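Hi,

Here is the structure I promised to pass on. Have a look at it first, and then read my notes underneath.

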4 protein chains.
Amino acid sequence: MSTGVWLIGARGSVATTAIAGAAAVAAGLAAPTGCVTELPDFAAARLPGLGDLVFGGHDIAGTALAKRAEQLVRARVVPAGLPELVADDLAAADAEIRPGVRVPVEDGDQAAAAAVLAADITAFRERRGLDRVVVINVASTEPPATPNPAHDSLAALSGALAAGTAALPASSLYAYAALTAGCPYVDFTPSTGARLPAIDELARTRGLPYAGRDGKTGETLLKSVLAPMFAQRALLVRAWSGTNLLGGGDGATLADPAAAEAKNVSKQTVLRETLGHPVDGEVHIDYVPELGDWKTAWDHVLFEGFLGVRMNLQFTWQGCDSALAAPLILDLARLMALAHESGQAGPVRELAFFFKDPVGEADHSLAAQYDALRAWAGAR
Amino acid sequence: MSTGVWLIGARGSVATTAIAGAAAVAAGLAAPTGCVTELPDFAAARLPGLGDLVFGGHDIAGTALAKRAEQLVRARVVPAGLPELVADDLAAADAEIRPGVRVPVEDGDQAAAAAVLAADITAFRERRGLDRVVVINVASTEPPATPNPAHDSLAALSGALAAGTAALPASSLYAYAALTAGCPYVDFTPSTGARLPAIDELARTRGLPYAGRDGKTGETLLKSVLAPMFAQRALLVRAWSGTNLLGGGDGATLADPAAAEAKNVSKQTVLRETLGHPVDGEVHIDYVPELGDWKTAWDHVLFEGFLGVRMNLQFTWQGCDSALAAPLILDLARLMALAHESGQAGPVRELAFFFKDPVGEADHSLAAQYDALRAWAGAR
Amino acid sequence: MSTGVWLIGARGSVATTAIAGAAAVAAGLAAPTGCVTELPDFAAARLPGLGDLVFGGHDIAGTALAKRAEQLVRARVVPAGLPELVADDLAAADAEIRPGVRVPVEDGDQAAAAAVLAADITAFRERRGLDRVVVINVASTEPPATPNPAHDSLAALSGALAAGTAALPASSLYAYAALTAGCPYVDFTPSTGARLPAIDELARTRGLPYAGRDGKTGETLLKSVLAPMFAQRALLVRAWSGTNLLGGGDGATLADPAAAEAKNVSKQTVLRETLGHPVDGEVHIDYVPELGDWKTAWDHVLFEGFLGVRMNLQFTWQGCDSALAAPLILDLARLMALAHESGQAGPVRELAFFFKDPVGEADHSLAAQYDALRAWAGAR
Amino acid sequence: MSTGVWLIGARGSVATTAIAGAAAVAAGLAAPTGCVTELPDFAAARLPGLGDLVFGGHDIAGTALAKRAEQLVRARVVPAGLPELVADDLAAADAEIRPGVRVPVEDGDQAAAAAVLAADITAFRERRGLDRVVVINVASTEPPATPNPAHDSLAALSGALAAGTAALPASSLYAYAALTAGCPYVDFTPSTGARLPAIDELARTRGLPYAGRDGKTGETLLKSVLAPMFAQRALLVRAWSGTNLLGGGDGATLADPAAAEAKNVSKQTVLRETLGHPVDGEVHIDYVPELGDWKTAWDHVLFEGFLGVRMNLQFTWQGCDSALAAPLILDLARLMALAHESGQAGPVRELAFFFKDPVGEADHSLAAQYDALRAWAGAR
């Protein structure tokens, strides 16, 4: 299966790391550490090979991938020397990146903009002779979308677009374009993307799968194993507080309180749903530019045991955002190719393992999510 | 089902907290926080009620439970005022505590000693009209046992005992006595207990269940959810280092390097078996008397992600040992009563959820262990 | 020297702990741990004895000190049994507590209110035959004061008060009352208190010393030794981020963003002034009611070493606010008695050791502050 | 003042970083971050310029400095691209490195070995026309020296050497050689070096200064500011526990329990002497090869406040050993040049600021050490 991977934000850190890394792994220059689909549990699944992925995408920036890769060397994300070794792969992807739409999408003619975006993707699929293209949003986080009646149904949305109304946030415009181009779509960020009834209806109507949202690579990943531990041990969590120090582009975006709010909501869900009761405590997201592509999360969990004794757990997670996210992008491209191949339409709930705020009802326990993912991939 | 709970180390912190706590919960003075068997998942299981448990045990110390409970108030384990409110229950249990055997068991006539211990338990069962008695070892940790041919089979052990040889460590002598008295047996400590082929054979011969060993209430509990997370995310753990600061009786015992070694071995198993490869890093157990009944564990996990990027996770767990262990004692008493009632013999692998070093082959993932436990309890 | 200690917020946790603790130490029931003035360096200073302090104060609450002390036993601040042993001392202080003014001070006649407060203090001094009374504000933190021309000079303030204008925040009204009653005054909170030109002028005019503000008992205390370490080692601090989890009354007050802002400003000063440049990073104050009288501060310091290498320091401070603050109240009472006795007027800069935001220009290094304090106390 | 810096272990990470870094700073390619002597407080001191330092040394390894510098780029110690920019400086130092003596020094003829070492240094001084050469030991840590009567006086040592006895550990042989060559000597490691009465006597006899030992760059640096804080606040430290995870060469050496013991002894001194009483708690040094040149220290301090309340402080220090040590090597070279220039002989106590286990009686407070250093440097 020749599979295209079309990245929204294709010149960002996550995208560049994914493209360089896929090339490095395919060339035997690096192990596929962090790629879930390379685990033995997925050996029998009918997934496209890592080396069969073909990259392209949209971006509003114009910096060459080779230059971005060198920046990532200095940021300690990509090993020294690697960009030179995969220079051809970076150049090939570079040639497939088209200009994106700016946020906010001020131009009223979103129908025309979506048509251009969809045409870019279709042209990529045809030019490269691909069986399918999976579109994945790894662009910077948007603020929460303003409610709009055009979001409520495909008919309403179509009417608004036909009337020249700018009804969609950029991430949803990309989702709309991807689906109209016949492509599966993944929200790796907390932006709105496909999470509107109108877009969901579009996916179902076209018989296309979508997944998301907000890849979990740090604090929420830990919550998804620690919260079930407290629940299964009948220990009562009294307060769960967290501070996230983020550098890089996402940190800057989240310094905008509205965007932070979007991220916060998805971070809290896992606790409330796993523990079965609301939990005290705030989650802070601080932009610390000097951290670069790295992030540090500190969480403090105050819990109660037998006879009311108060105890606590603290953890500090010091991770490199792109190194954590990039292999999951490759996983999602392969798994969504499988979903598409097998004719699945609408939200793919079985990919909840990857997301902070998964579509549909889902168990928030990582272990349960892994079991569901494995079973799903094996059955296709 | 009227169920006796016979505690080896019945005047220790864990036992005293369990006895006082069971009374408090039965009287509606406290919630059953920390009691796994009180979760909705176990509501349909045919378990004895918390209020139906009757306590007794062996101990080499003579301090009254009421006095021990007051010490635990000062140690911030038991709430102020509670000992007075459950004074009758403490006195009732006090009246059922018999002198234990000293460690090391220097008197050669272990057969006679075992007979006395078994007679104590039998008399308790008859005097209180109990359907069954579950024997649980919560005494201080022993050093690892010296290998002895008498451990290899029930025949060899019987021969050695008949010959007046002191072949067994104290914990195993208690297990031997419990089983000969027809009682299920649980090792909550890392001591040898029932983990000898001869004792295992005795349990099977008598048709009795046993379980263990070494209750997980801190660092290993966290390892059993964090190690699967790294494995399922294909992140490569390069080194896992830990330092445990323990006060109280167990800390003092574990200051003995031989006993520490016993505990260390069970602590490392979970990592190697979950991650599928040996992992660098040491585990320290320091005795810090000033910590009293509290313990602090700090772990540092160095792991590798995509393209070899090194990241790390640290956690600090600050817990009260008795508050964590006591409700599990009540759980184990109830679950072993169920095992006995349903005729199960030999090691009960489905109780691996509770132990650092579970008997038999077991998945070391806490989530898998919980699922196994729930299924087992529901099916009986 | 018989010295009165008049506490604003006399029924709060800090005040109750200070009163009970002074009695316990004087009676030989407890060591003076945490009392700086009990160190050998201060043995020769002409300070009133801990046992010679006589307590009274203002409070808007009416709960008896004996009851507050029992609450502090349950909160693990005061040892079980102590309230009974010092019951007479608590009762004696109780009898000297008068109703305080409510915040905000809405009644326009602040001149009359101040006269009542001053009369309360004067009556206490005369009734108990005290050489002097030190007034210390340990009430809940106020929001920052609204600028008002009446704050600029004593003449302007006197005019406003005479005109019946409510120009002062409550903390400043107490400071005004204390000084007009001829008493030294200490701000232990970040509230405005004596930090207005008009009140400073009043103190100088009356020849009275004052000190403050905002006792440092956690994060800032650590900053005052760690920031100089970085500076003296020529290590470049790139970002210093902090999260403070507070329970208890102060946490609730600081949940008010305006009050938090007051506290934040004083917390940041030490970094900028010690390191000589502004430092990136936010400081959060979260109210976590379940923490009770305890607080947890986590700080993350990102710093740069030779050749630009980025490193980090993290610390977690888990402290009991009242246990940290109460002995400093006793220290300040004794030291301010000395300042008064020796005729010092205006701000006592040499007490910067105790405060987050000390009056006047001051070295923010704790070591330098300690040296200055010791020299000052020895020379009086 | 043209000053030579002769490094024992000249091809190690610390030495390579110091040489490359001095060149980078002199060329304006990097700021002198971490160089204490570049602080304004030392602007008036008569120190040689960083650019006037000329490097050479002994090493048993033969790897070229240029290659070592590339390894340090991969280890994230030296910035990518720097080795090329300072290639001439590295080559110049490379040309001045002579073979060192192996540890243990098994050849009996230590007198001859010392003569060769001294001749190497003397030849360097003359060849490069240097005013003086400061010798600094940055080689791997040795085990503690075996007591030997030849250590007790210069006469005894001279006799033993004349008799062909191998009386000295390698570090002391280097110190002996340095002093006989007329050079100031610095122990930056915990090895014995100049800390023998015979070597001390040699230094005094020759009128030469020496300093040491064991550069403080992590846990002990923090102890030297935190322990005084507890002492000055009259807070009672009940237990201070620490775990150090070390990669790199020093970690491997310290995995040898005897060497670890040497390091541990110097780490504990600061606590006992600062707090005035022995303190409970162990210090662990674990070798974690995967950490490379990085180290992580976790400390847990259990302390008592007013009325016996137990609280705690934890910190984690994640540092790059070479980036922390290298600038101090440059500082020590400059300061020892000043000591020599001004005719100081014997131990230079005023350099205690730099060392875990300073020679002579010293205040262990970093702040006091800094003040002493500044005063000393200013007065020369």
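Below is what I found, going from one interface to the other and ending with a sheet.

One thing up front: this is a predicted model, so please read everything here with that in mind.

**Chain B against chain A**

Let's start with this pair. On chain B, 59 residues are in contact with 59 residues of chain A. The two chains bury about 4600 Å² between them, and carbon and sulfur atoms account for 69% of that. Which residues of chain B supply the most? R233(B), F306(B) and L307(B) give 21% of the area that chain B buries against chain A, more than any other three residues.

As for polar interactions, the rule finds 0 salt bridges across this interface, while 10 residue pairs are in polar contact, counting those with both residues at pLDDT 80 or more. The secondary-structure elements of chain B that each put at least two residues into the side touching chain A are α1 (13-26), α9 (219-232), β9 (294-304), β10 (310-320), α12 (321-341) and α13 (366-379). β10(B) contributes the most, with 11 residues. Sorted by class, that side of chain B has 43 nonpolar, 11 polar and 5 charged residues.

β10 also turns up in strand pairing between the chains: 7 bridges join β10 of chain A (residues 310-320) to β10(B), and the two strands run antiparallel. If you want a spot to zoom in on, L313(A) sits opposite W317(B) in β10(B).

**Chain A against chain C**

Next, the other pair. A turn of 180° with a shift of 0.0 Å along the axis lays chain A on chain C, with an RMSD of 0.0 Å. That is how a two-fold axis relates two copies. The residue of chain A that comes closest to the rotation axis is T243(A), with its C-alpha at 3.6 Å. Why do I say the copies meet through the same surface? Because 100% of the interface residues of chain A are also interface residues in chain C.

Here 23 residues of chain A are in contact with 23 residues of chain C. The buried area is about 2000 Å², with 52% of it from carbon and sulfur atoms. On the chain A side, D286(A), E290(A) and W298(A) lose the most area to chain C, together 27% of what that side buries.

How many salt bridges are there between chain A and chain C? The count is 4. R310(C) and E290(A) meet through their side chains in a salt bridge, at 2.9 Å from N to O. There are also 10 residue pairs in polar contact between these chains, again with both residues at pLDDT 80 or more. β7 (236-246), β8 (283-287), β9 (294-304) and β10 of chain A each supply at least two residues of the side that touches chain C. By class, the residues on that side divide into 8 nonpolar, 9 polar and 6 charged.

**A sheet in chain C**

Finally, chain C has an open sheet of 7 strands in the order β3-β2-β1-β4-β5-β6-β11, with parallel pairing. β3 (97-99) and β11 (346-347) of chain C are at the edges with a single partner strand each, so one side of each has no neighbour in the sheet. Elsewhere in the sheet, 6 bridges join β1 (residues 3-8) of chain C to β4 (residues 132-137) of chain C, running parallel. In that pairing, W6(C) stands opposite V135(C) in β4(C).

Cheers

Conventions. Residues are numbered from 1 along each chain as its sequence is written. Chains are lettered from A and ligands numbered from 1 in the order in which they are written. This is a predicted model: local features need pLDDT of at least 70, side-chain atom pairs count only at pLDDT 80 or more; totals for chains, interfaces and linings use all residues. Side-chain values use heavy atoms; hydrogens and water are left out. Contact means heavy atoms within 4.5 Å. Buried area is the accessible area (1.4 Å probe) that two parts lose on being put together, summed over both. A polar contact is a pair of N or O atoms within 3.5 Å; within protein, one must be able to donate a hydrogen and the other to accept it, and residues adjacent in sequence count only if both atoms are side-chain atoms. Helices (H or I, at least four residues) and strands (E, at least two) are DSSP runs, numbered from the N terminus. Ala, Val, Leu, Ile, Met, Phe, Trp, Tyr, Cys and Pro count as nonpolar, Asp, Glu, Lys and Arg as charged, and the others, Gly among them, as polar. Two strands pair if DSSP finds at least two bridges between them. Copies are superposed by least squares on the C-alpha atoms of residues with pLDDT of at least 70 in both.
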